[in-house]
Amino acid sequence: YKVQETAVLADLIKKIPGAEIDADGKITINGKDITKILVDGKEFFSNDPKVASENLPAKMIEKLQVLDQKSDMARLTGFDDGEEQTVINLIARPGMKEGIMGSVSGGYGSEDRYEGNVFLNVAKNSNRFSALANCNNNNNAAGGSGRGRWGGNRGVTETTMGGVNIAMEPSQKLKYDGDI
């Protein structure tokens, strides 16, 4: 599917037949909720597919796969619990997992309204560090699925959020990752 040079993963997903992204950033494909986004089979901001969909550049993606897989617990223990989860696995273009990529945007408007966004991804071999931040006072939930909103939509909501994801493979036997 063709997308603009500046498109993010969400723009690409919206072009897939049967795919929908609601106002809160929840992704469904053929009625199934997407629980995770993987990059070359590895989790990327595992608890929030919205973060990956709104920040990963579409130009880094060679293939996009929608997969049903066993639950995390079934894969960890080896016992099939009958639960499945639907995930998106992104196959990165050659060379796109090496180096530094990022984006910065911001704006300031009337009535002292502002918004600022930063995304940074540093990758080398099987190691990756990603960070993102957003702050605004224009009622944009900033990737938080409405978290932090109090009292509905009355007045102006100020939002600040950030996240960090680290994935390292120092050896064939040792792998670790995590996100905040």
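In the predicted model, alanine 74 is located in helix α3, which spans residues 72–77. With a relative accessibility of 4%, alanine 74 counts as buried, because the cut-off for that class is under 20% relative accessible area. When neighbours within four places in sequence are left aside, the contacts of alanine 74 are with Phe79, Asp80 and Asp81. Glutamate 84 follows 10 residues away in sequence, and its C-alpha atom is 9.0 Å from that of alanine 74.

Helix α3 belongs to a protein chain that contains 3 helices and 11 strands. Read from the N terminus, the order of these elements is α-β-β-β-β-α-β-α-β-β-β-β-β-β. The radius of gyration of the chain is 17 Å, close to the 16 Å that the globule rule gives for 180 residues, so the chain is as compact as a globular protein of that length. Along the principal axes, the C-alpha atoms occupy a box of roughly 55 × 35 × 35 Å. Of the 180 residues, 34% are buried, and the chain exposes about 11,100 Å², of which carbon and sulfur atoms supply 52%. Among the contacts that join residues at least 6 apart in sequence, 50% link residues at least 24 apart. As for the charges, the chain carries 22 positive and 25 negative ones, and the mean positions of the two sets are 4 Å apart.

The largest nonpolar core comprises 24 residues, and those with the most contacts inside it are Leu9, Ile27, Ile37, Leu56, Met60, Ile88 and Leu90. At least two residues of this core are supplied by each of α1 (9–13), β2 (27–29), β3, α2 (49–55) and β6 (84–92). The surroundings of isoleucine 88, one of the residues with the most contacts inside the core, can be described in further detail. Apart from its neighbours within four places in sequence, isoleucine 88 is in contact with Ile13, Ile27, Ile29, Ile34, Lys36, Ile37, Leu38, Leu64, Gln65 and Val66. Two of these partners, Ile27 and Ile37, are themselves listed with isoleucine 88 among the core residues with the most contacts.

Backbone geometry draws attention to two loop residues. Aspartate 40, although not a glycine, has a positive phi of about 50 degrees, and it is placed in the loop between β3 (32–39) and β4 (42–43). The relative accessibility of aspartate 40 is 25%, and the residue therefore counts as partly exposed, the class that lies between the buried limit of 20% and the exposed limit of 50%. Glutamate 111 likewise has a positive phi, near 55 degrees, in a residue other than glycine. The loop that holds glutamate 111 lies between β7 (99–108) and β8 (114–124). With a relative accessible area of 64%, glutamate 111 is exposed.

Strand β8 contains tyrosine 114, which is partly exposed at a relative accessible area of 27%. Not counting residues up to four places away in sequence, tyrosine 114 touches Gly107, Tyr108, Cys135, Asn136, Asn137, Asn138 and Glu158. Between tyrosine 114 and glutamate 5, which are 109 residues apart in sequence, the separation in space is 25 Å from C-alpha to C-alpha. Threonine 159 is situated in strand β10, residues 159–168, and is classed as buried at 10% relative accessibility. The C-alpha atom of threonine 159 is separated by 9.4 Å from that of glutamate 115, although the two residues are 44 residues apart along the chain.

In the loop between β8 and β9 (127–136) lies serine 126, for which a relative accessible area of 35% places the residue in the partly exposed class. Leaving aside neighbours within four places in sequence, the contacts of serine 126 are formed with Ala167, Met168 and Glu169. Serine 126 and lysine 175 are 49 residues apart along the chain, and their C-alpha atoms are separated by 9.5 Å.

How values were computed
Residues are numbered from 1 along each chain as its sequence is written. This is a predicted model: local features need pLDDT of at least 70, side-chain atom pairs count only at pLDDT 80 or more; totals for chains, interfaces and linings use all residues. Side-chain values use heavy atoms; hydrogens and water are left out. Helices (H or I, at least four residues) and strands (E, at least two) are DSSP runs, numbered from the N terminus. The radius of gyration is taken over C-alpha atoms; the globule rule is 2.2 Å times the number of residues to the power 0.38. Buried means under 20% relative accessible area, exposed over 50%, partly exposed in between (1.4 Å probe, protein chains only). Contact means heavy atoms within 4.5 Å. Accessible areas come from the Shrake-Rupley method with a 1.4 Å probe; for residues, only the protein chains shown count as cover. Lys and Arg count as positive and Asp and Glu as negative; His and the chain ends are not counted. The place of a charge is taken as NZ of Lys, CZ of Arg, CG of Asp or CD of Glu. A nonpolar core is a set of buried Ala, Val, Leu, Ile, Met, Phe, Trp, Tyr and Cys residues joined through side-chain atoms within 4.5 Å.
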